[in-house]
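Student: I would like to learn how to read a protein model, feature by feature. Could you take me through one?
Tutor: Gladly; here it is.

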Amino acid sequence: FGRRLTRAKQNKGARGEEKACDFLQGQGYRILERNYRCRLGEMDIIAREGRTVVFVEVKARSSERFGLPQEAIGPQKRRRMTAIALCYLKSKGWLGEPARFDVAAVSLDSASETVTLYRNAFDATGF
């Protein structure tokens with residue numbers, strides 16, 4: 001039984017990421033990576049907006065019962081995202097490039113599916 005919940009959660013996450021990618025591309029972002037993994041963890045989406053490298057965390061929710069999607073990114077998650085971003089930038093030789101963190105909050109309720117983008121949602125932390 002637990003497996004089904006996990007699979008449903010994975011499907012919701014994948015659907016949310018797909019919606020977020022479509023939305024970002026519509027806003028002029030160029031998607032560089034999806035589900036980028038390094039030894040420190042995973043980044044949902046890495047994109048470019050102009051010269052800026054944008055690290056995007058996608059938070060998909062089917063209801064607001066447990067809070068807004070963007071509220072799910074606490075200090076520990078921010079530190080991990082910062083570390084992953086530095087790992088990525090270093091691997092590409094882009095440490096001098098402008099970069100930022102965006103959050104794509106995807107609402108997947110039955111009435112409508114919407115993406116709200118929070119540009120420059122937080123500063124790099126922990127370094």
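Student: Let me start with a single residue: is I73 buried or exposed?
Tutor: Keep in mind that this is a predicted model. The general idea is to compare the relative accessible area with a cut-off: under 20% means buried. I73 has a relative accessibility of 5%, so this residue counts as buried.

Student: Where does I73 sit, and which residues does I73 touch?
Tutor: I73 belongs to the loop between strand 3 and helix 2, the helix of residues 75–92. Leaving out residues up to four places away in sequence, I73 touches E57, K59, R78, M81, V103 and F122. For E57, the C-alpha to C-alpha distance to I73 is 8.7 Å, with their positions 16 residues apart in sequence.

Student: Now the wider view. How many helices and strands are there, and what pattern do they follow?
Tutor: The protein has 2 helices and 5 strands. Along the sequence they follow the pattern α-β-β-β-α-β-β. Buried residues are 35% of the 127 residues. As for the surface, the protein exposes about 7800 Å², with carbon and sulfur atoms supplying 47% of that area.

Student: What share of the contacts joins residues 24 or more positions apart?
Tutor: Such pairs account for 55% of the contacts with a separation of 6 or more. V53 makes a good example to look at. V53 is in strand 3, residues 52–61, and counts as buried because its relative accessibility is 0%. Apart from residues up to four places away, V53 touches I46, A47, R48, Y88, L89, W94, E97, P98, A99 and R100. Y29 is 24 residues from V53 along the chain, and their C-alpha atoms are 9.6 Å apart.

Student: How do I read strand pairing, and which way do strands 1 and 2 run?
Tutor: Look for the bridges between two strands and then for their direction. Strand 1 and strand 2 (residues 41–49) run antiparallel and are joined by 7 bridges. One pair to find on screen is R30 with its bridge partner R48 in strand 2. A hairpin of 2 residues connects strand 1 to strand 2.

Student: And how many bridges pair strand 2 with strand 3?
Tutor: There are 5 bridges, again in the antiparallel sense. Here I46 stands opposite F55 in strand 3. These two strands also form a hairpin with 2 residues between them, and G50 in the turn has a positive phi of about 65°.

Student: Which residues have a positive phi although they are not glycine?
Tutor: The general idea is that most residues other than glycine have a negative phi. Two cases to inspect are N35, with a positive phi of about 50°, and N120, also with a positive phi of about 50°. N35 is in strand 1, residues 30–38, while N120 is in strand 5, residues 113–122. N35 is partly exposed at 30% relative accessibility, and N120 is partly exposed at 46%.

Student: Let's turn to charge. How many salt bridges does the structure hold?
Tutor: In general, side chains of opposite charge can pair when their charged atoms come close. This structure holds 11 salt bridges. In one of them, E113 pairs with R15, with the closest N and O atoms 2.6 Å apart. E113 lies in strand 5 and R15 in helix 1 (residues 2–26), so this pair ties together parts that are 98 residues apart in sequence. E113 also forms a salt bridge with K19, at 3.1 Å between the closest N and O atoms. K19 is in helix 1 too, so that pair links parts 94 residues apart in sequence.

Student: What distance separates E42 and R37 in their salt bridge?
Tutor: Their side chains meet at 2.7 Å, N to O. E42 is partly exposed at 24% relative accessibility, whereas R37 is exposed at 62%. Elsewhere, salt bridges that share partners join E49, R100, D102 and R119 into one network.

Student: Which charged side chain lies nearest to D44 with the opposite charge?
Tutor: That is K77, 6.0 Å away; D44 is buried yet has no salt bridge. D44 lies in strand 2, and a polar atom of its side chain is 2.8 Å from the backbone nitrogen of V58. Beyond its neighbours within four places, D44 contacts residues including E17, E33, R34 and V58.

Methods
Residues are numbered from 1 along each chain as its sequence is written. This is a predicted model: local features need pLDDT of at least 70, side-chain atom pairs count only at pLDDT 80 or more; totals for chains, interfaces and linings use all residues. Side-chain values use heavy atoms; hydrogens and water are left out. Helices (H or I, at least four residues) and strands (E, at least two) are DSSP runs, numbered from the N terminus. Buried means under 20% relative accessible area, exposed over 50%, partly exposed in between (1.4 Å probe, protein chains only). Contact means heavy atoms within 4.5 Å. Accessible areas come from the Shrake-Rupley method with a 1.4 Å probe; for residues, only the protein chains shown count as cover. Two strands pair if DSSP finds at least two bridges between them. Lys and Arg count as positive and Asp and Glu as negative; His and the chain ends are not counted. A salt bridge is a side-chain nitrogen of Lys or Arg within 4 Å of a carboxyl oxygen of Asp or Glu. A polar contact is a pair of N or O atoms within 3.5 Å; within protein, one must be able to donate a hydrogen and the other to accept it, and residues adjacent in sequence count only if both atoms are side-chain atoms.
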